[in-house]
Amino acid sequence: MMKNRLLFLGPPGAGKGTQASLICKEKGLLHLSTGDLLREEVSLGTQLGKEAELIMNKGELVSDQIVLSIVEKKLSKSSQGWLLDGFPRNLMQVELLEKLLKDIHQPIQTVLLIEIDDETLTHRMLSRGRKDDKEDVIRNRLKVYRDKTSPLVNHYMDLGILKSINGCGNIEDVNNRIKEALN
Ligand code: B4P
């Protein structure tokens with residue numbers, strides 16, 4: 001049976017958001033995308049959104065406390081299971097999340113790593129054309145991923161809960177690979 005507390009990990013533009021939406025819809029899980037939640041704050045023009053926008057437009061990571069505060073509110077209310085998309089993104093966020101999940105007795109069951117090459121990622125993001133999808137910003141986001149987020153792969157591998165799939169190919173093919181890995 002598919003687990004219902006999941007985390008999707010992978011470089012920017014790997015398709016985490018795209019695939020997370022499909023899996024959540026199918027399995028009735030709460031989709032928690034820190035990127036989407038931050039963009040929502042930006043579009044509402046809140047103080048938090050104004051601070052986050054400046055950082056996101058440079059391709060840097062928004063502060064751990066800001067991100068944790070938006071995740072915390074949502075996670076503690078959820079009972080049907082959840083999928084974390086784009087969070088945690090550095091080892092400090094891992095630590096903060098583990099403490100939070102311990103408090104609510106809901107450990108992560110599976111971490112799914114979407115692997116893909118930089119060229120495909122860059123092409124996908126440039127075609128999407130979001131505000132932070134400019135060539136120099138994309139380069140920085142890939143560097144931030146390598147420096148700060150990729151160490152999470154070993155962390156979850158050591159915990160024995162990591163599965164990885166190839167993120168190249170069309171949306172349906174990738175979705176089938178994910179379902180196979182999760183079942
Ligand atoms: P995110 O919103 O997480 O965005 P992402 O990593 O760039 O995209 P994702 O992997 O979800 O790719 P998508 O499905 O959209 O982060 C944006 C920014 O928010 C970060 O840089 C950071 O500043 C901030 N942030 C977020 N979380 C944070 C945290 N925890 N801590 C600190 N800061 C944080 O796919 C990309 C494109 O490819 C789409 O256009 C899609 O349509 C297309 N696509 C997807 N799958 C495809 C396929 N199989 N074939 C062809 N195209 C495909």
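In this predicted model, L112 of β4 stands opposite K163 in β5. L112 is also the bridge partner of F8, so the account below starts with strand β4 and its two neighbours, then turns to the ligand and to two backbone features in loops.**Strand β4 and its partners**
- Strand β4 covers residues 110–115 and is mostly covered, with five of its six residues buried.
- On one side of the pairing list is strand β1 (residues 5–9), which pairs with β4 in the parallel sense over four bridges.
- Within that pairing, F8 has L112 as its bridge partner in β4.
- Strand β5 (residues 162–166) also runs parallel to β4, and five bridges join the two.
- In β5, the residue opposite L112 is K163.

**Ligand site**
- The ligand sits in the largest pocket.
- It is surrounded by 29 residues, and the closest are T18, T34, E60, R128 and R141.
- Helices α1 (16–27), α2 (34–44) and α6 (118–128) each supply at least two residues of the shell around the ligand.
- Of the shell, α2 gives the largest share, with four residues.

**Polar contacts to the ligand**
- R141 places a polar side-chain atom 2.4 Å from an oxygen atom of the ligand.
- For R128, an N or O atom in the side chain is 2.7 Å from an oxygen atom of the ligand.
- At G169 the contact is through the backbone: an N or O atom there lies 2.8 Å from a nitrogen atom of the ligand.
- On its own the ligand has 1000 Å² of accessible area, and the protein covers 87% of that area.

**Backbone features in loops**
- The peptide bond joining F87 and P88 is cis, with omega about 0°.
- P88 is found in the loop between β3 (82–85) and α5 (91–103).
- H105 is not a glycine, yet it has a positive phi of about 55°.
- The loop that holds H105 lies between α5 and β4.
- H105 counts as exposed because its relative accessible area is 67%, and exposed means over 50%.

Key: Residues are numbered from 1 along each chain as its sequence is written. This is a predicted model: local features need pLDDT of at least 70, side-chain atom pairs count only at pLDDT 80 or more; totals for chains, interfaces and linings use all residues. Side-chain values use heavy atoms; hydrogens and water are left out. Buried means under 20% relative accessible area, exposed over 50%, partly exposed in between (1.4 Å probe, protein chains only). Two strands pair if DSSP finds at least two bridges between them. A residue is near a molecule or strand if one of its heavy atoms lies within 4 Å of it. A polar contact is a pair of N or O atoms within 3.5 Å; within protein, one must be able to donate a hydrogen and the other to accept it, and residues adjacent in sequence count only if both atoms are side-chain atoms. Accessible areas come from the Shrake-Rupley method with a 1.4 Å probe; for residues, only the protein chains shown count as cover. On a 1 Å grid over the protein atoms alone, a cavity is a set of points where a 1.4 Å probe fits but cannot get out, and a pocket is an open set with protein on both sides within 12 Å along at least five of seven lines; lining residues have an atom within 4 Å of a point. A molecule sits in a cavity or pocket if more than half of its atoms lie within 2 Å of its grid points.
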